[in-house]
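Colleague: I should like to go through this structure with you, one question at a time. Please begin with a term that the discussion will need.

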Amino acid sequence: QQQAPLFLTRSSVVIAMSSMITQAVQATAVLSAVLWFKVFATNIGLGGAKNNAGTRPAEDTYQKDAAEATAEDKTNLDRAQRIVNNDLENIPYTMVLAWGSIYCIGTVGASADSNALAHIVFYTIFVVCRFAHSIVYIKGLSTARSIVWLFGVICSFGIAINGAIASFK
């Protein structure tokens, strides 16, 4: 009697993936890395905004004093904080959805090629929307910000639904 492995490796599991599914896995990996770099960059921007507004910890003596901060510095800090908060409310959940979806698509195999293509499209649009959201937020374009946010959220739902549909093929 053979025991199942405690963990799966490439040598213990053979998954026949089509070229389209392979491309979807690769796109998911690249887009996830791009998103994570974006999160890192916006956090660095938040740190700079905190420095300019004099709101970093007291031991950070290189920062401006809070009394020296201008109204613009405080507005920029608020905007940077809101961008980071919005990223935290959207990006991690959608990344989990994207990886869960691609798992469902990949386990089905070649019959899910159309799902793999849809996954690439949804996740790519989501990533573009997250970058656009930060740009229009910085520029103070409320309507544009709402539109790109909405398209991104629709893509998040698309990713989840697409993966669920693929799992039933």
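Modeller: A nonpolar core is a set of buried Ala, Val, Leu, Ile, Met, Phe, Trp, Tyr and Cys residues joined through side-chain atoms within 4.5 Å. Please note that the model is predicted.

Colleague: Which element gives the largest share of the largest nonpolar core?

Modeller: The largest nonpolar core has 20 residues, and those with the most contacts inside it are L35, I91, I105, Y123, F126 and V127. Two or more residues are given to this core by each of α1, α2, α3 and α4. The largest share, 6 residues, comes from α1.

Colleague: How many residues has the second, separate core?

Modeller: This separate core includes L46, A49, L77 and A80. Its full count of residues is 6.

Colleague: Does V34 count as buried, partly exposed or exposed, and why?

Modeller: V34 is found in helix α1, which covers residues 19-53. Together with V30 and F131, V34 makes a nonpolar surface patch of about 230 Å². Buried means under 20% relative accessible area and exposed means over 50%. Because its relative accessibility is 32%, V34 counts as partly exposed.

Colleague: What does the cover of the buried residues of α4 include?

Modeller: Helix α4 has 26 residues, from 142 to 167, and reaches 38 Å from its first C-alpha to its last, close to the expected 38 Å. Its buried residues include V148, G152, C155 and I159. What covers the buried residues of α4 includes α2 (71-108) and α3 (113-139).

Key:
Residues numbered from 1 in each chain as written. Predicted model: local features only at pLDDT ≥ 70, side-chain atom pairs only at ≥ 80, totals over all residues. Heavy atoms only, no water. Helix = DSSP H or I, 4+ residues; strand = E, 2+ residues; numbered from the N terminus. Expected span 1.5 Å × (residues − 1). Buried < 20%, exposed > 50% of the residue type's maximum accessible area, 1.4 Å probe, protein only. Contact = heavy atoms within 4.5 Å. Patch = residues over 30% accessible without salt bridge, like charges linked within 9 Å, V, L, I, M, F, W, Y side chains within 5 Å. Areas by Shrake-Rupley, 256 points an atom, 1.4 Å probe, with all protein chains shown as cover. Salt bridge = Lys/Arg side-chain N within 4 Å of Asp/Glu carboxyl O.
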